[in-house]
Amino acid sequence: MGGARRSAGGPAREDVAARVLRLLAERDEWLAVAESLTGGLVAAELTSVPGASRSFRGSVTAYATPVKRELLGVDGSLLERRGAVDADVALQMAEGVRRRLGAEWGIATTGVAGPEPQDGQPVGTVFVAVCGPAGGAAATGKVAALRLNGDRAEIRRESVRSVLELLAGELSENARAKDTEQNGGN
């Protein structure tokens, strides 16, 4: 799972979990994770990388809807109106775990891995979110809506990869913005 992967005949390619942790360590920032359908797989992927403790703060597996509301601070009326499988719920989970665990970055997964639909959403509907610092006390977030195929295990694995890729993209974009700001350009 963690570490470097080697393509046939090519050099080792850093996997996404290792890349995320390296980017966070370079910035001296922390990551917190809120998981629903992935049930701890994101945290397991991150902690499989040696040295993860430099940047990984912890995780909350908020599988039950009341845990999303009570522990992560997801708006109760939002959960009642739309259910737990929703883009805004994912974003609030990411922000909630970020605040709750005292991290600069929070990521979240929520969705339907199957075998049955949930909250009116078909199997394979997944939302992954990232929430990070925007300066001061403000936070900024991004959500990706996924429509995944495959069995339960495949949907969960792809959700893990997708949320880590979303975070890697945000960390890279955030670093470019800081470089531009420091260099006085745009």
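A residue is called buried here when its relative accessible area is under 20%, and exposed when that area is over 50%, with partly exposed residues in between. By that cut-off T125, at 0% relative accessibility, counts as buried, and this residue of a predicted model is a convenient place to enter the structure. T125 lies in strand β6, which covers residues 125–135, and a polar atom of its side chain is 2.9 Å from the backbone oxygen of P122. Leaving aside residues up to four places away in sequence, T125 touches V85, G111, V112, L146 and R147.

Seen as a whole, the protein chain has six helices and seven strands, and these follow one another along the sequence in the pattern β-β-α-β-α-β-α-α-α-β-β-β-α. Of its 186 residues, 44% count as buried, while the chain exposes about 9200 Å², of which carbon and sulfur atoms supply 47%. Among contacts between residues at least 6 apart in sequence, 61% join residues at least 24 apart.

One of the contacts of T125, G111, belongs to a strand that deserves a closer look. Seven of the seven residues of strand β5 (residues 105–111) are buried, so this strand is largely enclosed by the rest of the structure. The burial applies to both of its faces, since W105, I107, T109 and G111 point one way and G106, A108 and T110 the other way, and all are buried. Strand β3, residues 31–35, runs parallel to β5 and is joined to it by five bridges; I107 in β5 is the bridge partner of V33.

In the loop between β3 and α2 (41–47) lies S36, which counts as buried because its relative accessibility is 6%, under the 20% cut-off. Beyond residues up to four places away in sequence, S36 touches A62, Y63, K68, M93, T109 and T110, and a polar atom of its side chain lies 3.5 Å from the backbone oxygen of A62.

Helix α1 covers residues 16–27, and its twelve residues should span 16 Å at 1.5 Å a residue, which agrees with the 17 Å between its end C-alpha atoms. At the start of α1, a side-chain oxygen of D15 reaches to within 3.3 Å of the backbone nitrogen of A17, and the helix is followed by D28, whose phi is positive, near 55 degrees. V16, A17, A18, V20, L21, L23, L24 and R27 are buried in α1. An α-helix has 3.6 residues a turn, so residues three or four places apart point the same way. E26 and R22, being four residues apart in α1, are separated by about one helical turn, and their side chains meet in a salt bridge (3.1 Å, N to O). E26 counts as exposed at 55% relative accessibility, whereas R22 counts as partly exposed at 34%.

The whole structure contains ten salt bridges, and one of them, at 3.0 Å (N to O), brings together the side chains of E165 and R19. This pair links distant parts of the chain, with E165 in helix α6 (residues 152–183) and R19 in helix α1, 146 residues apart. E165 is partly exposed, with a relative accessible area of 32%, and R19 is likewise partly exposed, at 23%. Elsewhere, the side chains of D88 and R82 meet in a salt bridge of 2.5 Å, N to O, and salt bridges that share partners join R82, D86 and D88 into one network.

Key
Residues are numbered from 1 along each chain as its sequence is written. This is a predicted model: local features need pLDDT of at least 70, side-chain atom pairs count only at pLDDT 80 or more; totals for chains, interfaces and linings use all residues. Side-chain values use heavy atoms; hydrogens and water are left out. Buried means under 20% relative accessible area, exposed over 50%, partly exposed in between (1.4 Å probe, protein chains only). Helices (H or I, at least four residues) and strands (E, at least two) are DSSP runs, numbered from the N terminus. Two strands pair if DSSP finds at least two bridges between them. Contact means heavy atoms within 4.5 Å. Accessible areas come from the Shrake-Rupley method with a 1.4 Å probe; for residues, only the protein chains shown count as cover. A polar contact is a pair of N or O atoms within 3.5 Å; within protein, one must be able to donate a hydrogen and the other to accept it, and residues adjacent in sequence count only if both atoms are side-chain atoms. The expected span of a helix is 1.5 Å times one less than its number of residues. A salt bridge is a side-chain nitrogen of Lys or Arg within 4 Å of a carboxyl oxygen of Asp or Glu.
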